[in-house]
Amino acid sequence: MTGTHDRTVVDIDWNNLGFSYIRTDFRYLAHWRGGAWETGELTRDNVLHISEGSTALHYGQQCFEGLKAYRCQDGSINLFRPDQNAARMQASCGRLLMPAVPTEMFIEACRQVVKANEHFIPPYGTGGSLYLRPFVIGVGDNIGVKSAPEFIFSVFCIPVGPYFKGGLVPTNFITSQYDRAAPHGTGAAKVGGNYAASLLPGQEAHEKNFGDVIYLDPATHTKIEEVGSANFFAITKDGKKFVTPQSPSILPSITKYSLLHLAEKRLGLQVEEGEVYIDRLDEFGEAGACGTAAVVTPIGGIQHGDQFHVFFSETEVGPITRRLYTELVGIQTGDREAPQGWIVKV
């Protein structure tokens, strides 16, 4: 570890946290050189020093993850399913010809960052959490279109509140004519280019007073794929089935797969990954977006062309969506029993 062990005096309004960058004390940094990852360390320096020829800058050779640490009522700290984030980052690295970060190294890096910045974790009951951003980037002197000679793996953290303002309240969305990712492209990898391409559609949605866009399948524009940078789910009108889209272009959300498990095992719903057609929204009584940042965001309505479809309500949260949210957050914060292997104590 570099620098002193003195901690920043934290003066944060925990009940009014947003989702924006706040510099914390320590971050983890490791280099890949000569065919192997070197031993990483914590550092106070929040500025990366990389070659101007780095492939991350020119060719988008980089990927990232997002996960959270939560303060429990007994004062302990929970990391939620970090092994799944490690596995997804390994898949992203494989897609972009980058060296995978071993699961043990990934989890240990997250542990170290959380422990070193423990005083930045929002208190239990505030609805906040400590968001961790692991990433891998290609660096080193290079100019040709090829994999980088060196790589950096880093993890930093920030205290955050709800991603969408107001917490668990319905948000309206609008379908986009833009494609999020191409078939057989990088849609299933968590790479920066997917998000850069989403900025313009997202801005246009905000200008029309929508929370974000609904991306349809790039081949036919008839099926829902993702909600901005989150996954989509819906509950059938009879309240018996939890449905979420399935496509090789969708990022496999750890939150979504957690909800699939909870919907089936704890709420007794039928669960289905399949095709969700945009012209059949009247089959659903509730809908939502889910992801690490968004957690669970109820969808009030979707604008598609000239049609605006309202699900449960534009102002009230549907009962099944609320139960899923309560169950998930309860597990994350230690108030409900977690399925085996879901929680790693820091």
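Trainee: Which residue is the bridge partner of Tyr28 in β8?

Mentor: Good place to start. Keep in mind that this is a predicted model. To read a strand pair, find the residue across from yours on the neighbouring strand. Here, Tyr28 of β1 has Val155 as its bridge partner in β8. The two strands, β1 and β8 (residues 150-160), run antiparallel and are joined by five bridges.

Trainee: And what stands opposite Tyr28 in β3?

Mentor: That is Leu42. β3 (residues 41-43) pairs with β1 in the antiparallel sense, over three bridges.

Trainee: How many bridges join β1 to β2?

Mentor: Two, and these strands also run antiparallel. Look for Arg33, which stands opposite Ala36 in β2. The hairpin they form has two residues between the strands, and Gly34 takes a positive phi near 60° there.

Trainee: Why is β1 described as largely enclosed by the rest of the structure?

Mentor: Burial is counted residue by residue. In β1 (residues 27-33), five of the seven residues are buried, so the strand is largely enclosed.

Trainee: Now the helices, please. At what angle do α6 and α7 pack?

Mentor: About 110°, with the axes of α6 (residues 254-265) and α7 (residues 319-332) 10 Å apart. Angles of 65 to 115 degrees count as roughly perpendicular, and α6 and α7 are therefore roughly perpendicular to each other. The crossing is right-handed.

Trainee: Which residues meet there?

Mentor: From α6, Thr255, Ser258, Leu259, Leu262 and Ala263; from α7, Leu324, Glu327, Leu328 and Ile331. By type, this contact has six nonpolar residues, two polar and one charged.

Terms used. Residues numbered from 1 in each chain as written. Predicted model: local features only at pLDDT ≥ 70, side-chain atom pairs only at ≥ 80, totals over all residues. Heavy atoms only, no water. Axes fitted to C-alpha atoms, helices over the stretch in contact; angles between N-to-C directions. Helix = DSSP H or I, 4+ residues; strand = E, 2+ residues; numbered from the N terminus. Parallel < 35°, antiparallel > 145°, perpendicular 65-115°, else oblique. Left-handed = near helix turned anticlockwise from the far one by under 90°. Contact = heavy atoms within 4.5 Å. Nonpolar A, V, L, I, M, F, W, Y, C, P; charged D, E, K, R; others polar. Buried < 20%, exposed > 50% of the residue type's maximum accessible area, 1.4 Å probe, protein only. Pairing = 2+ DSSP bridges.
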